[in-house]
Amino acid sequence: MENSKNLEVFQAKIDAEIKIEPKDWMPDEYRQHLIRQMSQHAHSEVIGMQPEGNWITRSPSLRARKILMAKVQDEGGHGLYLYCATETLGVTREQLIQWLHEGKAKYASVFNYPSPTWADMGAIGWLVDGAAIVNQVSLQRTSYGPYSRAMVRICKEESFHQRQGYEIMATLMEGTAEQKKMAQEAFERWWWPSLMMFGPHDGDSPRSSNAMKWKIKRETNDDLRQQFIDKTIPQAELIGLKIPDANYKLLENGSYETSDIDWDEFWNVIKGNGPCNTQRIKQHAAAHDNGQWVREAAIAYNEKKEQQLKSA
Ligand code: BYC
């Protein structure tokens, strides 16, 4: 089929809500757009294990430790589904990791902030996973089949994560004055970075136009951010947390108006100048190098199995 006919069939499928599958024809721009977004999403899941992994050995109880360990492990699993889904677009996992280490691939800016107290575990689960869910529920309807199916499973797990985070915050808010202060301070550390997770305002988002046309994105950055704000502010107020925004107000339509994000901070963190950017990549690269023997052993094991099957 000539290219314009291919394009017509491709867009018609998207318009009819038929998923694009790995062996279907797709324009190269669509493929590259997906490789970029999905691999960045995968990297975010894996780099996101670091701020929480920081607290596994220092959890305040065995129950808390078991839950946190399972949660961090889930995030690693999400990264793996997403790397596999990205590989269906014809790019190797090694290449994706190399782009991450070279700084060519991004990951969510929110993971470049430190997690100095136990309350940060609450704030990350409640706010960061909470923001991720709003975005990922929408991405369940994305046009690329493998991405959409990965999202369905990831969303089920993320909703547990959001609740475990909120439980930590609610428990601290019923505790001593010191615990309440710890929770409030963690809330203040993660509120703005969580709002930044949705990306720049719609007018400043160069990727949105193609993403919406191809139904990779189903809702805009600002619409998703507003949904998150509207559901999170009442949750904060219910447990006595103060919103770190002097200008926020409830509007007649039930939605909240808030101050604008500090976009200089957002772009600065994305450029690599956040408090933990260097540490996050260094730690990932070291873990990757340390895992070399595991990858080699897995390949050797598979090769041996294949030989045994052939000679059986
Ligand atoms: N951080 O045109 P735009 C989790 C970049 S992890 C960094 O709006 P787009 C969890 C953007 O990449 C879940 N960079 O782009 C794990 C673009 O630069 P490039 C993470 C950002 O793609 C562990 C430029 O800015 N979720 O749940 O249309 C523990 C212009 O932006 C950010 C996902 O990854 C940012 N926040 O929209 C706990 C969701 N925002 O690439 C929890 C999947 C923007 O052109 N991704 N940029 O160089 C998406 O939905 C979209 O990619 C975004 C951005 C909404 C993030």
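Where is Asn112 found? I looked it up as my opening entry, and Asn112 is found in the loop between helix 5 (93–101) and helix 6 (119–139), where helices (H or I, at least four residues) and strands (E, at least two) are DSSP runs, numbered from the N terminus.

Ground rules for my reading. I am working with a predicted model, in which local features need pLDDT of at least 70 and side-chain atom pairs count only at pLDDT 80 or more, while totals for chains, interfaces and linings use all residues. I number residues from 1 along each chain as its sequence is written, and I take side-chain values over heavy atoms, with hydrogens and water left out.

**Entry: Asn112**

I find that Asn112 is buried, at a relative accessible area of 2%; buried means under 20% relative accessible area, exposed over 50%, and partly exposed in between, with a 1.4 Å probe and protein chains only. The side chain of Asn112 makes a polar contact with the side chain of Tyr107, at 2.5 Å. For a polar contact I need a pair of N or O atoms within 3.5 Å; within protein, one must be able to donate a hydrogen and the other to accept it, and residues adjacent in sequence count only if both atoms are side-chain atoms. Leaving aside neighbours within four places in sequence, I list Tyr107, Val269, Gly274, Pro275, Cys276, Asn277 and Arg280 as in contact with Asn112, contact being heavy atoms within 4.5 Å.

**Entry: the ligand**

I counted 36 residues around the ligand, of which Arg36, Lys106, Ser205, Arg207 and Lys217 come nearest; a residue is taken as near a molecule or strand if one of its heavy atoms lies within 4 Å of it. A side-chain N or O atom of Lys106 is 2.5 Å from an oxygen atom of the ligand. Two backbones also appear in my notes: a polar backbone atom of Pro206 is 3.3 Å from a ligand oxygen, and a backbone N or O atom of Met197 lies 3.4 Å from a ligand nitrogen.

**Entry: the largest cavity**

I looked for closed spaces and the count came to one cavity of 30 Å³ or more, with the largest cavity at a volume of about 30 Å³. On a 1 Å grid over the protein atoms alone, a cavity is a set of points where a 1.4 Å probe fits but cannot get out, a pocket is an open set with protein on both sides within 12 Å along at least five of seven lines, and lining residues have an atom within 4 Å of a point. Grid points are joined across faces, edges and corners, and a volume is the space filled by probe spheres set on the points.

Which residues line the largest cavity? I wrote down Ile14, Glu17, Ile18, Lys19, Arg141, Ser143, Lys215 and Arg218. This lining divides into two nonpolar, one polar and five charged residues, where Ala, Val, Leu, Ile, Met, Phe, Trp, Tyr, Cys and Pro count as nonpolar, Asp, Glu, Lys and Arg as charged, and the others, Gly among them, as polar.

I then followed three of the lining residues. Ile14 has its place in helix 1 (residues 3–15) and counts as buried because its relative accessibility is 1%. Not counting residues up to four places away in sequence, Ile14 touches Ile20, Tyr30, Ser143, Lys213, Trp214 and Lys215. Glu17 is found in the loop between helix 1 and helix 2 (28–47), is partly exposed at 43%, and has a phi near 65 degrees, a positive value in a residue other than glycine. Lys215 is in the loop between helix 9 (208–213) and helix 10 (221–238), counts as buried at 17% relative accessibility, and also has a positive phi, of about 55 degrees, although it is not a glycine.

**Entry: the second largest pocket**

I read a volume of about 700 Å³ for the second largest pocket. Its lining has 19 residues, of which Val46, His284, Ala287, His288 and Arg295 lie nearest its centre. Helix 13 gives the most to this lining, with five residues, and the lining divides into eight nonpolar, eight polar and three charged.

**Entry: Tyr248**

I place Tyr248 in the loop between helix 10 and strand 1 (249–250), and it is partly exposed, with a relative accessible area of 25%. The side chains of Tyr248 and Glu237 make a polar contact at 2.5 Å. Tyr248 and Thr258 are ten residues apart in sequence and 4.3 Å apart in space, C-alpha to C-alpha.
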